[in-house]
Amino acid sequence: MTETQSISKEVLAAILKGIDEGIHVVDLDGNTIFYNEIAARHDGLEVSEVIGRPVLKVFPSLDKETSTLLKVMKTKKPIYNQTQSYVNLHGAQIETINTTLPITVGGKVAGAVEIAKDYSRLKLLSESLLDLRKKIKQPVKKKTPLQNVQYTLDSLLTINQEMQKIKKEAAKLAKSDSSILVFGESGCGKELFVQGLHHASSRAAGPFIAQNCAAIPESLLESILFGTAKGSYTGAVDRPGLFELADGGTLFLDEIHAMPIELQAKLLRVLEDGIVRRVGSPKNSHVDVRVIAAMNIHPVEALERNQIRTDLFYRLNVLTFGLLPLRDRKEDIEFLAHHFIREFNQVLHKNLSGIGKDVLAHFRQYHWPGNVRELKHAIEYMMNVCEDHFLKAEDLPVIMKQQLQKDEQAVSLKVQPLKASMEEQEKALIKKALLETNGNIKRAAKLLEVPRQTLQYKLAKYNIDINNGSLVCSNYESAE
């Protein structure tokens with residue numbers, strides 16, 4: 001071997017060792033010639049236990065037919081994303097998803113390379129969850145709604161008219177068995193809303209099962225949804241999927257646009273005829289399941305990005321609800337903030353009376369990318385650090401302070417026409433005066449040193465409504 005070849009080999013070995021996936025290479029006789037640390041960690045072995053040894057000796061549960069490395073050398077065809085379950089030489093059960101490719105030199109097969117992703121723990125966790133769900137599944141007659149869901153539609157607190165309209169429509173349409181699609185930004189209460197739909201439906205006594213479709217390998221998600229039959233792959237056992245466990249109830253599929261397109265086609269067939277076939281089984285079974293799907297992006301955007309099949313979208317889009325982000329229902333910001341204060345007063349054993357006007361001003365200005373969830377966490381943080389009887393601007397979370405500061409700098413740097421800029425400044429001063437006088441027009445006019453009639457004219461000109469609650473900083477009475 002020349003010096004250049006030696007250096008190239010060392011460089012290649014260094015690259016393969018640094019890859020964050022298991023790499024296993026065998027020669028034509030099935031002996032391991034390369035095996036990196038990631039693969040060893042997946043398989044529960046040491047590299048020294050594998051290098052130079054026949055693959056069937058290291059993994060005694062495999063044979064010439066079930067070993068993907070040996071199989072691709074025989075068929076000369078690659079295998080992509082195949083689940084494999086096997087036992088290593090220490091008797092430990094290993095689960096991986098493998099892509100296995102034959103290595104050809106001069107047109108002849110010289111070996112094989114396998115790129116493996118370990119999902120043993122994820123699979124174990126999902127199967128434990130399935131087993132737990134199976135154990136707690138009782139006959140429908142013995143169930144009560146509260147055993148299945150934590151929230152009802154009344155749990156979705158809002159004083160926004162559009163959201164209240166959505167809740168009324170949901171209560172009416174919940175009685176139907178048609179599929180439902182819910183979309184809205186993360187943190188705006190989609191799962192709470194979906195649980196409320198189940199609770200208000202005729203299936204309230206049946207099971208409610210939720211599954212997030214994101215960040216789960218396709219082969220694993222398929223077995224979670226549809227179940228597995230014994231022998232469908234090495235180590236597979238008879239196990240019902242979520243569709244079978246949700247029979248008579250509701251299956252909530254969150255982030256459905258993250259589900260692989262190929263799997264969406266199989267889901268569509270179940271929605272069309274209610275027939276489920278476990279992975280690897282020739283038998284069909286009928287299920288009575290209402291599917292509610294959710295997205296954290298707009299459905300049109302998902303269609304444009306080819307993240308959801310058109311036929312599946314129209315099958316799910318029988319009944320559709322779009323939940324508003326918090327920034328589009330500003331009246332809910334103060335209402336919910338006071339609700340969370342009351343809630344955390346009990347949890348944290350505190351007795352805060354309300355929120356400072358400066359905090360409310362910042363809350364109305366803030367964009368709330370995390371929506372209601374972010375507001376709740378912000379209130380929790382502030383109540384933990386607050387040393388007074390009401391929340392102050394100094395108690396705001398650091399990230400929120402930084403973003404508000406950036407927004408103020410951006411506004412100050414933006415050049416506006418002089419007239420528009422003066423009107424904005426005038427509007428801001430009027431609102432500030434009204435806040436300081438609790439909406440008293442006479443006192444606000446005196447503070448601004450203008451006649452009352454002039455202030456009333458300005459209020460009409462700038463469409464400032466002092467009766468809509470946006471300028472009122474006192475605590476709300478409980479609306480629960």
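Buried here means under 20% relative accessible area, exposed means over 50%, and partly exposed covers what falls in between, with a 1.4 Å probe and protein chains only. By that yardstick asparagine 463, at 67% relative accessibility, counts as exposed. The model is a predicted one, so local features need pLDDT of at least 70 and side-chain atom pairs count only at pLDDT 80 or more, while totals for chains, interfaces and linings use all residues. Residues are numbered from 1 along each chain as its sequence is written, and side-chain values use heavy atoms, with hydrogens and water left out.

Asparagine 463 sits in the segment after helix 20 (452–461); helices (H or I, at least four residues) and strands (E, at least two) are DSSP runs, numbered from the N terminus. Its backbone has a positive phi of about 55°, although asparagine 463 is not a glycine. Most residues other than glycine have a negative phi. Histidine 349 also has a positive phi of about 55° without being a glycine. Histidine 349 belongs to the loop between helix 14 and strand 15 (354–355), and with a relative accessible area of 74% this histidine is exposed. Lysine 76, just after helix 4, takes a positive phi of about 65°.

Helix 4 itself has a buried set made up of Thr68, Leu69, Leu70, Val72 and Met73. An α-helix has 3.6 residues a turn, so residues three or four places apart point the same way. Helix 4 (68–75) also turns up on the wall of the largest cavity, where the elements giving two or more residues are helix 2 (37–43), helix 4, strand 3 (79–87) and strand 5 (108–118).

Now for the empty spaces. On a 1 Å grid over the protein atoms alone, a cavity is a set of points where a 1.4 Å probe fits but cannot get out; a pocket is an open set with protein on both sides within 12 Å along at least five of seven lines, and lining residues have an atom within 4 Å of a point. Grid points are joined across faces, edges and corners, and a volume is the space filled by probe spheres set on the points. The structure has two cavities of 30 Å³ or more, and the largest cavity holds about 140 Å³ of space. Its lining counts 15 residues, with His24, Asp43, Phe59, Tyr86 and Glu114 nearest the centre. Helix 2 gives the most to that lining, with three residues. Sorted by class, the lining of the largest cavity has eight nonpolar, five polar and two charged residues; Ala, Val, Leu, Ile, Met, Phe, Trp, Tyr, Cys and Pro count as nonpolar, Asp, Glu, Lys and Arg as charged, and the others, Gly among them, as polar.

The second largest pocket offers about 670 Å³ of space. Around this pocket stand 23 lining residues, of which Tyr151, Gly187, Gly189, Leu192 and Val372 lie nearest its centre. Helix 8 (190–199), helix 14 (331–347) and helix 16 each supply at least two residues of the lining. The class split for this pocket is eight nonpolar, seven polar and eight charged.

Helix 16 (residues 371–385) also contains valine 385, which is partly exposed, with a relative accessible area of 33%. Together with Tyr381 and Val398, Val385 makes a nonpolar surface patch of about 240 Å². Patches are made of residues with over 30% relative accessible area and no salt bridge, where like charges are joined within 9 Å and nonpolar side chains (Val, Leu, Ile, Met, Phe, Trp, Tyr) within 5 Å. The areas come from the Shrake-Rupley method with a 1.4 Å probe, and for residues only the protein chains shown count as cover.

As for charges, the structure holds 16 salt bridges, each a side-chain nitrogen of Lys or Arg within 4 Å of a carboxyl oxygen of Asp or Glu. One of them pairs lysine 74 with glutamate 65 at 3.6 Å, N to O; lysine 74 is exposed at 62% relative accessibility, and glutamate 65 is exposed at 53%. Another joins arginine 309 to aspartate 311 at 2.7 Å, N to O. Here arginine 309 is partly exposed at 27%, as is aspartate 311 at 34%.
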